[in-house]
Structure formats: C-alpha cells, structure tokens
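Here is a short briefing for a reader new to this structure. Have the sequence and the model side by side as you go.

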Amino acid sequence: MKAVAIKLIEFYQKAGGGSSLFMVDCNFDPTCSEYMKLSMEKHGFIKGLRYGINRLGRCNDPDLPKRKLDPVP
C-alpha cells in the first residue's frame with residue numbers, strides 16, 4: 001500500500017502538484033506532497049498518512065508571510 005501511495009504522490013508532483021491545479025503556493029518547506037511522501041517512507045503507510053493529513057490541515061494559511069521550515073518528525 002505504501003509503495004502505491006508514494007507512486008501516486010510522485011505522479012501528482014510530476015503533474016505540477018497543487019500549485020497548478022489549485023492556484024496556491026504551499027506555506028511550508030518541504031511542500032505538503034513531499035512531506036506526505038517522506039513521512040510514509042520514514043514511518044510507514046498508516047502513521048505517515050496521519051502525519052500528512054495533519055500537515056494538510058495546517059497548509060495554505062493566508063496570514064503566513066513566508067515559507068516555514070517544517071521537517072518530518
């Protein structure tokens with residue numbers, strides 16, 4: 001399952017990710033999709049997915065003036 005999810009994320013990234021699809025810029029470095037991929041590689045599918053979903057909940061804060069460094073725990 002983890003390998004399939006990572007391949008889907010990579011496809012999403014190669015297609016342009018959220019910036020071209022939703023016309024938004026990510027407020028974090030690494031981007032949300034890269035964070036999800038890295039968290040799955042590091043923690044496995046379930047825990048990595050949970051980290052990624054929590055990150056998406058914090059993403060695209062219009063009041064954030066610049067990108068914030070947020071590494072995978």
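Helices here are DSSP runs of H or I with at least four residues, numbered from the N terminus. By that numbering, Glu34 and Lys37 both lie in helix H3. The two are 3 residues apart, about one turn of the helix. The model is predicted. This briefing follows H3 and what packs around that helix.

**Helix H3**

- Helix H3 runs over residues 32-43.
- Its 12 residues should span 16 Å at 1.5 Å a residue. The end C-alpha atoms are 16 Å apart, which agrees.
- Buried residues of H3 are Cys32, Ser33, Tyr35, Met36, Lys37, Ser39 and Met40.
- The cover over these buried residues includes H1 and helix H4 (45-58).
- Gly44 comes just after H3 and takes a positive phi of about 95°.

**Ser33 and its neighbours**

- Ser33 is found in H3.
- Is Ser33 buried or exposed? Ser33 is buried because its relative accessible area is 15%, below the 20% cut-off.
- Beyond neighbours within four places in sequence, Ser33 is in contact with Ile9, Tyr12 and Gln13.
- Tyr12 lies in helix H1. Its relative accessible area is 32%, so Tyr12 is partly exposed.
- Tyr12 and Ser33 are 21 residues apart along the chain. Their C-alpha atoms are separated by 8.2 Å.

**Salt bridges**

- Side chains of opposite charge can pair when their charged atoms come close.
- How many salt bridges does the structure hold? There are 5.
- One of them joins the side chains of Glu10 and Lys7, at 4.0 Å from N to O.
- Glu10 and Lys7 both lie in helix H1 (residues 2-14). They are 3 residues apart, about one turn of the helix.
- Lys7 is exposed, with a relative accessible area of 58%. Glu10 is partly exposed, at 23%.
- Glu10 also forms a salt bridge with Lys37, whose closest N and O atoms are 3.6 Å apart.
- Lys37 lies in H3 and Glu10 in H1, so this pair ties together parts that are 27 residues apart in sequence.
- Lys37 is buried, with a relative accessible area of 14%.
- Within H3, Glu34 forms a salt bridge with Lys37. The closest N and O atoms of that pair are 3.9 Å apart.
- Glu34 is partly exposed, with a relative accessible area of 24%.
- Which residues do the shared partners join? Salt bridges that share partners link Lys7, Glu10, Glu34 and Lys37 into one network.

**The nonpolar core**

- The largest nonpolar core has 5 residues. They are Ala5, Ile6, Ile9, Met36 and Met40.
- H1 and H3 each supply at least two residues of this core.
- Which helix gives the largest share? That is H1, with 3 residues.
- Ile6, a core residue, is in contact with Lys37, Met40 and Glu41, leaving aside neighbours within four places in sequence.
- Ile9 belongs to the core and is also among the contacts of Ser33.
- Met36 and Met40 belong to the core, and both are among the buried residues of H3.

**Rings and charges**

- The structure holds 0 aromatic pairs.
- Charges do sit over rings. Arg55 lies over the face of Tyr35, at 4.4 Å from the ring centre.
- The charged end of Arg58 sits over the ring of Phe28, 5.6 Å from its centre.
- Arg55 is found in helix H4. H4 is part of what covers the buried residues of H3.
- Arg55 is buried, with a relative accessible area of 0%.
- What does Arg55 contact beyond neighbours within four places in sequence? The list is Cys26, Phe28, Asp29, Pro30, Thr31, Cys32, Tyr35 and Asp70.
- Cys32 and Tyr35, two of those contacts, are among the buried residues of H3.

**To take away**

- H1 and H3 are joined by the salt bridge between Lys37 and Glu10, and each supplies at least two residues of the largest nonpolar core.
- On the H4 side, Arg55 lies over the face of Tyr35.

Note on methods
Residues numbered from 1 in each chain as written. Predicted model: local features only at pLDDT ≥ 70, side-chain atom pairs only at ≥ 80, totals over all residues. Heavy atoms only, no water. Buried < 20%, exposed > 50% of the residue type's maximum accessible area, 1.4 Å probe, protein only. Contact = heavy atoms within 4.5 Å. Phe/Tyr/Trp six-rings, centres within 6.5 Å; stacked < 30°, edge-to-face > 60°. Lys NZ or Arg CZ within 6 Å of the ring centre and 35° of its normal. Expected span 1.5 Å × (residues − 1). Core = buried A, V, L, I, M, F, W, Y, C linked by side-chain atoms within 4.5 Å.
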